[in-house]
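Reader: I have this one open on my screen and would like to go through it with you. Could you start with a single residue and then work outwards?

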Amino acid sequence: MERNFSVELLLNNLPGMVYRCKPDANWTMEYMSSWVKELTGYSADDLLGNTHRSYAELIKPEDRDHVAYAVQKSIDAGKPFQVTYRIIDLHGQLRWVWEQGQAVYDEHQKVVALEGFIADITKQKKSEIALERMATLDALTGLPNRAFLHGHLQTLLDGMQHNGPVTVMFIDLDQFKQVNDTMGHDAGDRLLGLVALRLQRVMRPDDMVARLGGDEFVITAACKRGAESASAIAQNILSSLRQPFVIEGREIFISASIGICMAPQDGKTKDALFKNADIAMYRAKEAGRNRCCFYRMEMSETANVRRALEDALHRALERNEFVLHYQPRVNLTTMQCTGMEALIRWNHPELGQIPPLQFIPIAEECGLIDAIGLWVLQEACSQTQRLINRLGIPLRVSVNISARQLTSVDLVKQVQQVLDETGLPGDLLELELTESMLIEDMAASAAILSALKVLGVKLAVDDFGTGYCGLAYLQRFPLDGLKLDRSFVTENAKDKQTLNVIKAFIDLAHALDLSVVAEGVETHEVQEILRNFCCDEGQGYLFAKPLPCHELEGMLASFSHITF
Ligand SMILES: Nc1nc2c(ncn2[C@@H]2O[C@@H]3COP(=O)(O)O[C@H]4[C@@H](O)[C@H](n5cnc6c(=O)[nH]c(N)nc65)O[C@@H]4COP(=O)(O)O[C@H]3[C@H]2O)c(=O)[nH]1
């Protein structure tokens, strides 16, 4: 009696609960030390024999299978078990517990009971989780990082049967590089922090907003109503990001491209979902940015082709696969060749010649356009200077500049260096810029164009008439000319209204002291119309298609006065 009493005292003073229960489905308790109150909030009387509740009911439903499995495995192996799981106490609080137990056998090796010890490890577990969280947080934005996101998405996928479809969204900011380049990296970091806050505000607490790195964010959400809910979330994100951000007293406008992928239909694994959401995001970019795009299976095929082109593009420069063709420009009054436009061609070893409109956008997106653009500048200027030397006449070469090149602070330096190295006078180089790139950041474009003008370089707006066409921007930039887009000239020149528009454009340009080159002149009839409208120059198949440099040289040399 004396001995039993001291054992009981000892058990009740242990920092945890000692128990003995039946090996039934509810683990019906037969004995619980008094620590049960501390651990669960219930008294032993509430739980013994399942009077009010069974202990098993306190275990968090998601953890029950895992506990049952550990117990069964230990019985099968005849060894003690140790298991960590969560219970919900009398007050609804979640507690982490650690349990060690073992089966008790009768003389026939039948399990008659389970005995063990359960300790509350909530404090240790919380600090462990906090530490884990610190290792899985993105230091810049405080959002979960890639590692955390992977674990979280796996949990969502595991619970998909109960909780419904899961959505993964890839969000890429459209003008982030520009902010970094023009305002510096600190401002870029601040912007990412503010974007993170806005994304969190749009989402519900159960959804996850994570940052992958750079300007890429990922959202995971359980979307009970499938694509409909996902689309509503994406629209909310787009409109929240459309509001200006204020950094260093400046209002910054950005937008985002969002790729959406739904599990299970678009992929059942993390990797497949990430890949497909990324593919859809690229599609949103290609479709004009500032929008969302749902993944469709056909996109993977296109993405594979694109990836193969991107890989080949990385090697194309060093393998000398690019070449420039030149299309002559003709003075429509004297009919003399004044110069030519340099147009890049890519001779892919297996796919043959790939048109610029197919690979320039890829080069822009993967950052290769700077290197390719520099090569075009060098090649065009040195070949033109060589032609001038051989033919003894001045020729002006036009080079297309891509939107990304215009945002690079290196552009002016590069142009100066190329002119110095090749000896081409600045006024014999014309840079062609598009309307859309000029108006994207008017102040920055104006500064770069002014610096280029100091080098004597001519500046022209390409594809004029296809986009914004505001008088304000024409006056704001130090431009020399406009290139009338060939869609006006080639297809519609017979339509009376289009003719009026062409005439109006030419008159407008002349009023602003800008010269006009009409692209896409294919017939004598159009040539005559343009001459009557006092268009300065023409370019098109009527005079010549874009030609390799030696063919252009042969053609120009065969005309005594180089007249067309
Ligand atoms: N139907 C018709 N077409 C005509 C006629 N005359 C010329 N073309 C075509 O019109 C395009 C004129 O070039 P773009 O508007 O600057 O448009 C260029 C330019 O935006 C871009 N591109 C070409 N080379 C470069 C480059 O070196 N750098 C950059 N950034 N873009 C380039 O690719 C675009 C397409 O170039 P291409 O395929 O060479 O196509 C060229 C040319 O071959 C004609 O009479 N009728």
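Author: Let us begin with Ala460, which lies in strand β18; please keep in mind that this is a predicted model.

Reader: Is Ala460 buried or exposed, and why?

Author: Ala460 counts as buried because 20 other C-beta atoms lie within 10 Å, and the cut-off for that class is 20 or more.

Reader: Which residues is Ala460 in contact with, leaving aside its neighbours within four places in sequence?

Author: With those neighbours set aside, the contacts of Ala460 are Ser398, Glu430, Glu432, Leu479, Asp480, Gly481, Leu482 and Lys483. As for Pro478, which is 18 residues away along the chain, its C-alpha atom is separated from that of Ala460 by 9.3 Å.

Reader: Now the ligand: how many residues surround it, and which are the closest?

Author: The ligand is surrounded by 23 residues, the closest being Ile344, Pro356, Asn400, Ser402 and Gly540.

Reader: Which elements supply at least two residues of that shell, and what is the mix of residues?

Author: At least two residues each come from β14 (337-348), α14 (356-365), β18 (458-464) and α21 (486-492), and the largest share, three residues, belongs to α14. By class, the shell holds 10 nonpolar, seven polar and six charged residues.

Reader: Changing topic, how do β3 and β4 pair?

Author: Strand β3 (residues 81-88) runs antiparallel to strand β4 (residues 94-105), with eight bridges between them, and Arg86 has Trp96 in β4 as its bridge partner. Five residues sit between the two strands of this hairpin, where Gly92 adopts a positive phi near 80°.

Note on methods. Residues are numbered from 1 along each chain as its sequence is written. This is a predicted model: local features need pLDDT of at least 70, side-chain atom pairs count only at pLDDT 80 or more; totals for chains, interfaces and linings use all residues. A residue is near a molecule or strand if its C-beta atom, placed from the backbone, lies within 6 Å of it. Helices (H or I, at least four residues) and strands (E, at least two) are DSSP runs, numbered from the N terminus. Ala, Val, Leu, Ile, Met, Phe, Trp, Tyr, Cys and Pro count as nonpolar, Asp, Glu, Lys and Arg as charged, and the others, Gly among them, as polar. A residue is buried if 20 or more other C-beta atoms lie within 10 Å of its own, exposed if 12 or fewer, and partly exposed in between; C-beta atoms are placed from the backbone. Two residues are in contact if their C-beta atoms, placed from the backbone, lie within 7 Å. Two strands pair if DSSP finds at least two bridges between them.
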